[in-house]
Amino acid sequence: MEINTANPRDNQVIQAYGNGGFRVSGLLYQGAVLVCPRRTIAWPITDAATVTVESLAALAEETPRPEVLLLGCGAKAAPVAPDLRRSLREIYGLSLEVMDTGAACRTYNILLAEGRPVAAALFPV
């Protein structure tokens with residue numbers, strides 16, 4: 001699915017998702033990805049149930065550090081480990097929002113355009 005994007009800054013913008021991957025700022029990625037304002041990286045996690053604080057350690061290297069993490073779980077939102085939300089807040093200062101991947105892509109682009117410190121962990125649809 002194509003996403004309408006308007007972001008004047010040199011940031012990573014999610015342009016499309018579907019068919020098992022993503023197009024972010026003109027580059028194609030297959031499988032899950034972590035999208036931050038300055039970089040997008042392949043993410044070797046297969047589903048929301050296996051997300052851990054350690055699997056998100058790359059977010060600690062971001063400057064500025066994200067305050068909001070959008071977890072796009074695929075076609076629909078899925079449960080995450082009960083202590084994940086608390087641990088992300090304590091260790092990285094992240095607020096976790098869980099939703100389907102389409103909603104996460106759109107929300108990421110909106111928050112990014114507003115200049116908010118955001119990141120997205122996305123599973124393909």
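**Gln 12, two sheets and a pocket**

User: Which residues are in contact with Gln 12, leaving aside its neighbours within four places in sequence?

Analyst: Gln 12 is in contact with Val 24, Ser 25, Tyr 29, Val 35, Cys 36, Pro 37, Arg 38, Arg 39, Thr 40, Tyr 108 and Leu 112, once its neighbours within four places in sequence are set aside; contact here means heavy atoms within 4.5 Å. This is a predicted model, in which local features need pLDDT of at least 70 and side-chain atom pairs count only at pLDDT 80 or more, while totals for chains, interfaces and linings use all residues. Residues are numbered from 1 along each chain as its sequence is written, and side-chain values use heavy atoms, with hydrogens and water left out.

User: Why is Gln 12 called buried?

Analyst: The relative accessible area of Gln 12 is 15%, and buried means under 20%, with exposed being over 50% and partly exposed in between (1.4 Å probe, protein chains only), so Gln 12 counts as buried. Gln 12 has its place in the segment before β1, and its C-alpha atom is separated by 6.2 Å from that of Val 24, twelve residues away along the chain.

User: What makes β1 and β3 edge strands?

Analyst: The open sheet of three strands has the order β1-β2-β3, with antiparallel pairing, and β1 (14-18) and β3 (27-30) each pair on one side only. Two strands pair if DSSP finds at least two bridges between them, and four bridges join β2 (residues 21-24) to β3, so these two strands qualify as a pair. Within it, Val 24 has Leu 27 of β3 as its bridge partner. Strands themselves are DSSP runs of E, at least two residues long, and helices are runs of H or I of at least four, numbered from the N terminus.

User: How do you know which strands stand at the edges of the open sheet of five strands?

Analyst: That sheet has the order β5-β4-β8-β6-β7, with mixed pairing; β5 (40-42) and β7 (95-99) each have a single partner strand, so one side of each is left without a neighbour in the sheet. The antiparallel sense appears where three bridges join β4 (residues 33-35) to β8 (residues 118-122), with Val 33 partnered by Leu 122 and Leu 34 standing opposite Ala 121. The parallel sense appears between β6 and β8, over five bridges, where Leu 69 has Ala 119 as its bridge partner.

User: What makes β8 largely enclosed by the rest of the structure?

Analyst: Five of the five residues of β8 are buried, so the strand is largely enclosed. Both faces are covered, with Val 118, Ala 120 and Leu 122 buried on one side and Ala 119 and Ala 121 on the other. Helix α2 lies across β4, β6, β7 and β8.

User: Why is the lining of the largest pocket described as holding six nonpolar, three polar and five charged residues?

Analyst: The 14 lining residues include Asn 11, Pro 37, Arg 38, Pro 64 and Arg 116, which lie nearest the centre of the largest pocket. Ala, Val, Leu, Ile, Met, Phe, Trp, Tyr, Cys and Pro count as nonpolar, Asp, Glu, Lys and Arg as charged, and the others, Gly among them, as polar; therefore Pro 37 and Pro 64 are nonpolar, Arg 38 and Arg 116 charged, and Asn 11 polar.

Key:
Axes fitted to C-alpha atoms, helices over the stretch in contact; angles between N-to-C directions. 1 Å grid on protein atoms, 1.4 Å probe; cavity = no way out; pocket = protein on both sides within 12 Å on 5 of 7 lines; lining within 4 Å.
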